[in-house]
Structures are given as C-alpha cells and as structure tokens.
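Good morning, and thank you for joining. I should like to take you through one model, beginning with a feature of its surface and ending with one of its chains.

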Amino acid sequence: MTSSSQKLIFWTLVGISIITLSMPTIIVLGASVTSGNIIAFPPDGFSLKWYEKIAMARELRLALWRSLIVSTVCVIVSLPVGTVAGIALTRYRLKFVNLINIYLLLPFTVPLIGSGIGMMLVFGEWGILGNVWPVGVACAVINLPFVIWSVSSSAAALDRDLELAAENCGAGRMETFWYVTLPAVMPGVITGGLLMFVLAMTEFLVSLLLTDARTVTLPVQIYNNIRSIITPDLAAISVVFVVIALIAVWLLDRLVGLEIFLKSK
Amino acid sequence: MNNPTVDRTRFRYPLRWRVMDSLEEGASLIWPRSLSRHTGWLLLAPALLLVGILVLGLVQIAESSLHTLDTSTYLPSENYTGENYLTIVESATYLRILWRSLLGAALTVVFTLLLAFPYAYILVRTSSALVRKGLLVILFLPFFIGQVVRAYGWLIILGNSGAVNEVLGLVGVEPIRLLFNYPAVIFGLVQYMLPFAVLLLAPALTAIPQEIETAAGSLGANWLQSLWYVVLPMAKPGLIGAGLVVATLSLTDFAMPAMLGGGSQDFIANAIYDQFFRTANQGLGSALALVLVAIGSLIVGLVFMIFGAGTLGMGAKK
C-alpha cells in the first residue's frame with residue numbers, strides 16, 4: 001500500500017472491525033470482576049465474588065460438565081470418520097466425486113435449524129433424546145466438513161510415492177497407513193480435532209433443540225439465564241469460553257500456525 | 001558346559017511387529033486385497049453414514065410437514081395433505097418474516113464484506129509479521145468464543161444502562177434504545193459473520209500477486225482504480241464464497257434475532273422454533289423448515305450457476 005488515503009480508509013474500517021470483534025470479550029471480562037450486584041459502568045469496584053458464586057452454582061457447573069462431554073463425544077465420533085473420509089477424497093479415485101462433495105457439504109448447506117430439528121425428530125424416533133451424548137453426535141454431523149477439509153488439505157500435500165515406497169519395502173496396508181499416511185495428515189487431524197472440540201463446546205442452536213432441562217449445555221444455560229435477568233455471574237461463567245478460546249487460538253498457532261488460513265488453495 | 005552362542009529360539013519378536021502383523025491379517029480377513037479397488041468407498045462409508053443422519057432428519061421433516069395439527073386432539077392428522085404449505089403462502093405474517101430475513105441477509109452480506117475486505121487485504125498485504133499475527137488472533141478469538149457469549153457481551157454494552165448509553169449520558173444525551181430493534185440484529189449478524197468472511201476472503205487475496213497491483217500503479221492507475229479494475233475482479237471467487245456463506249448463515253440464524261431482537265425481530269429460524277416449542281404445531285414448523293431449506297439451496301444453486309463455486313469446492317483438488 002503506497003497511497004496514504006488508501007491506508008487511512010482501510011485502517012479506519014479495520015479499526016471498526018477490531019473494536020467490533022474485541023469489545024464483547026473485553027466487556028465480559030470486565031463485568032465478571034465487578035463488585036456490584038448488577039452490571040454497571042463504570043464498574044463499582046474489583047471483586048472475585050462472582051467467580052465464587054459460579055463455583056457454588058450447581059446448575060452452571062453441571063452444564064459446563066455436559067458441554068465437555070458433548071465436545072469429547074463430538075471429537076471421538078467426527079475425528080476418525082472425517083480423517084478417513086478426507087484421505088479417501090484425496091488419495092483415491094472415486095466415481096461421482098462431485099456428487100459426494102455435494103452430499104458431504106450438506107451439513108453446511110442445510111440450515112442449522114433444519115438439521116437440528118431433523119435430528120431431533122430422528123433421535124426422538126430412536127428413543128435417545130434426553131441423553132447428553134446424542135448432542136455430541138449431532139455436533140459431529142453438523143461440523144464434519146471442517147475435519148474433512150483440514151485432513152484433505154494435509155493429505156493433498158503427501159507425496160503418493162512415499163506410500164508406494166513403504167509398500168515396496170514390505171509394509172502392509174495397515175503399516176503404510178499407520179506409519180506413513182497418518183503422520184502425514186496429522187497436522188490436519190489436529191486442526192480438525194481442535195476445531196471440532198471448540199465448535200461443539202460453543203454450539204448453541206442444535207443443543208437448544210436437542211436438550212431439555214436435565215441435559216442443557218453451557219451455551220444454552222447462559223441463553224436461558226439471559227432471558228430472565230442479566231447478572232455478573234453469567235459474565236464470570238462466560239469467561240470459561242474466553243479462556244477456552246485463548247487456549248484454542250494459542251494451540252492452533254503453535255501446532256499449525258494461524259497463517260496457514262491465509263494460504264491460497 | 002554352557003554354550004556361549006545365542007539361543008535363537010529366545011529371540012523376541014517385537015510386540016509392535018506382532019500387533020502390526022495381526023492387524024494386517026485382520027485387515028486381509030475383513031477386507032481382502034481383491035477389494036482394494038473399493039477401499040476409497042470403505043473409507044468414505046462412515047462419513048456418508050454420519051451425514052445420513054441429517055438426510056434422515058430431512059426426510060422426517062418432509063413427512064411431518066404433510067400432516068396438519070388436529071386442534072381438537074393436538075395430534076398430527078393421519079392423512080397426507082399440503083395444507084401447511086398453503087397456510088405459509090397465504091399468511092401475511094410468514095411473508096413478512098421471510099422478507100425480513102432475506103433483507104437482513106442481504107444487508108449483512110453488504111456490511112460484512114465492506115468490513116471484511118480491508119481486514120483480509122491488510123492481513124495478507126502487511127509486511128509486519130506482528131500486525132498479521134495480531135489481526136489473526138483478534139479474528140480467531142471471537143470465532144472460538146461463540147455466538148451466545150458474544151451476544152451477551154453486546155447486551156451489556158448496548159443495554160439501556162450499558163456502556164454506550166453511560167458514555168452518551170456523560171455528554172448529556174438521554175439513553176437511546178439501542179437493542180431489540182432491526183439494526184441491532186443486523187449489527188449482531190455482521191459482527192458474528194466477520195471472521196467467517198475474512199477467513200474465506202484471505203486465501204483469494206493471497207492468490208493475487210502484489211506485482212500485479214504494482215504494475216497497475218506504474219501504468220498510472222490510482223489505488224481506487226487498481227482496486228476496482230484489478231483486485232476486486234481477481235478476488236471474485238473469494239467474494240462469492242464469503243458472500244454466499246454469510247448470506248446463508250445469516251438468513252437462517254436463530255441466536256442474533258432471538259437475543260438482540262428480543263422477540264420482536266424474528267427471522268425464519270425463530271418462527272420455526274416457535275412452531276415446534278411454543279405452539280407445538282410440528283407440521284407447520286416442518287413445512288417452514290423445508291421452505292427455508294429450499295430457499296437456502298435455491299440461493300446457493302443460483303449463485304453457483306451464475307458465478308461458479310468460488311472458493312467453496314471441497315476435496316477434489318488433485
């Protein structure tokens with residue numbers, strides 16, 4: 001960028017974006033340490049009493065625990081499934097590959113409210129509604145393309161000759177897969193797993209549809225509490241999500257580097 | 001007399017080899033090499049089955065949309081009928097909600113792309129690694145924090161006794177109702193979509209060599225001209241991809257209209273939810289859901305037909 005007017009305009013817009021993106025996080029962090037009983041500006045003073053309060057609040061703690069279960073189930077289901085699918089899409093010649101692509105993108109093209117209600121009806125039919133684990137399966141379904149995407153981009157970078165060389169040296173199919181293919185796609189698997197965990201943790205709409213009072217996950221719990229009243233204890237529990245997001249961003253940066261998302265395909 | 005030579009029978013075959021060999025044998029048993037032409041399909045099968053749950057769900061919705069609610073028994077009717085769809089088409093309420101959602105999606109696309117383009121541009125073009133890292137972190141954090149917590153943050157900021165109104169109060173301005181109106185919902189959608197849009201745009205901008213812009217400049221184009229005639233046309237796949245994702249996601253969003261619209265600014269998703277959980281009219285809700293799926297697919301299909309898939313193609317790049 002050489003022109004100063006371009007710089008000015010672009011940075012003004014970027015400034016607006018930065019404020020819009022960061023404000024809620026900063027405010028939530030600030031509100032969580034207020035000593036007042038309601039959220040006010042400027043804050044009444046510093047206190048950690050709301051953290052104490054949420055540590056005591058059984059329903060919030062249970063909701064957090066259920067969200068962790070949902071995320072774990074989601075990763076356990078989606079990661080192996082998405083990994084082999086990603087490998088299949090890049091390493092094998094398949095017929096109807098365009099049709100498969102359209103089919104596997106359904107979780108993204110079908111609106112979440114549609115997939116959520118559909119799965120609610122299906123799970124209801126199967127008699128598994130009212131458990132926590134189906135929510136994890138549902139999260140695995142709706143975010144599956146993320147894993148397939150990240151694994152297939154890693155798999156595309158693997159030289160086919162390496163697998164052939166392994167087989168030439170006497171490795172069987174399982175050995176080739178375990179010692180050559182899998183390590184090569186590992187960056188994609190880790191990125192995918194991380195994405196799936198965090199997205200399932202923060203997933204809202206599908207959880208709202210699939211949970212009842214006994215199985216609410218944390219985002220749904222926060223949503224329900226907001227509807228009644230806005231108090232600082234919600235800000236304190238929201239900090240859980242900020243911390244998880246910070247860890248996720250840090251891990252993602254350490255493992256694959258955030259810059260990878262800027263690469264052109 | 002002890003024999004010093006190595007006792008060959010005592011050689012331990014490493015455990016790893018044995019595990020691998022038995023895995024190999026197991027694999028040959030379950031999936032003999034003669035089937036290896038179909039290995040690709042075998043690997044794909046679990047994903048096809050998992051997405052199958054979703055397809056099954058759509059079938060269920062379709063089935064249930066063909067039954068009307070019997071108001072005397074509160075059970076779905078036995079016979080098949082298209083009445084629910086008729087109700088939607090004839091209802092002024094649903095047409096208004098539909099129009100509100102479509103307009104909302106269009107506005108969100110415009111504003112999001114307006115903010116996302118310079119963000120992605122600077123992200124890609126900046127020479128400072130620190131600036132790039134900072135912008136990336138600022139982008140990813142909200143993406144991972146999630147919709148509900150971010151909307152909650154905005155409720156605190158924009159509320160009647162929130163930060164913005166406090167600041168306005170200091171300069172003597174009466175509190176303004178910033179929440180629970182249409183602009184609040186659009187704003188909520190824009191800030192929610194921004195990371196998606198930037199992440200879809202950035203790769204497309206990376207693909208444009210900086211030299212081309214320099215060349216345009218050296219041929220006498222000012223930055224607006226080179227932006228308009230060079231960068232934007234070359235970034236078209238990214239703009240289409242980002243615009244499409246933003247459009248479909250905001251058209252079908254539930255949380256922002258519910259939380260920042262306060263029930264008065266419902267989008268289609270909210271109407272569907274209400275039919276299922278407030279009115280318990282599963283048939284009408286299902287019909288609405290199918291209409292939404294159809295509109296979404298129609299938009300995607302139209303854009304793909306006119307502009308191509310943009311940056312959204314998956315997997316098949318060999």
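A definition is needed at the outset: a nonpolar patch is made of residues with over 30% relative accessible area and no salt bridge, their nonpolar side chains being joined within 5 Å. Please also bear in mind that this is a predicted model.

With that in hand, consider chain B. Which residues form a nonpolar patch on the surface? They are B:Trp99, B:Leu102, B:Leu103, B:Leu107, B:Val110, B:Phe111 and B:Leu114, and together they have about 640 Å² of accessible area. Let me single out B:Phe111, which is placed in helix α4 of chain B, residues 92-125. Its relative accessible area is 43%. Because that value falls between the 20% and 50% limits, B:Phe111 is classed as partly exposed.

I turn now to the interface. In chain B, 96 residues are in contact with chain A, where 104 residues take part. About 9600 Å² is buried between the two chains, and carbon and sulfur atoms give 79% of that area.

What of the polar side? The rule finds two salt bridges across the interface of chain B and chain A. B:Lys133 pairs with A:Glu259 in a salt bridge, with 3.1 Å between the closest N and O atoms. In addition, 13 residue pairs are in polar contact across the interface, both residues of each pair being at pLDDT 80 or more. On the side of chain B that touches chain A, helix α2 (residues 39-65) gives the most, with 19 residues.

Let us move to chain A itself. It contains twelve helices and zero strands. The C-alpha trace of chain A spans about 70 × 65 × 30 Å along its principal axes. Chain A has 265 residues, of which buried residues make up 57%. Its accessible surface comes to about 11500 Å², with 67% belonging to carbon and sulfur atoms. As for contacts in chain A between residues at least 6 apart in sequence, 70% join residues at least 24 apart.

My final example is A:Ser22, found in helix α1 of chain A, residues 4-32. Is this residue buried or exposed? A:Ser22 has a relative accessibility of 19%. Since buried means under 20%, A:Ser22 counts as buried. A polar atom of the A:Ser22 side chain lies 2.6 Å from the backbone oxygen of A:Ile18.

That concludes the presentation; I welcome your comments.

Notes. Residues are numbered from 1 along each chain as its sequence is written. Chains are lettered from A and ligands numbered from 1 in the order in which they are written. Side-chain values use heavy atoms; hydrogens and water are left out. Patches are made of residues with over 30% relative accessible area and no salt bridge: like charges are joined within 9 Å, nonpolar side chains (Val, Leu, Ile, Met, Phe, Trp, Tyr) within 5 Å. Accessible areas come from the Shrake-Rupley method with a 1.4 Å probe; for residues, only the protein chains shown count as cover. A salt bridge is a side-chain nitrogen of Lys or Arg within 4 Å of a carboxyl oxygen of Asp or Glu. Helices (H or I, at least four residues) and strands (E, at least two) are DSSP runs, numbered from the N terminus. Buried means under 20% relative accessible area, exposed over 50%, partly exposed in between (1.4 Å probe, protein chains only). Contact means heavy atoms within 4.5 Å. Buried area is the accessible area (1.4 Å probe) that two parts lose on being put together, summed over both. A polar contact is a pair of N or O atoms within 3.5 Å; within protein, one must be able to donate a hydrogen and the other to accept it, and residues adjacent in sequence count only if both atoms are side-chain atoms.
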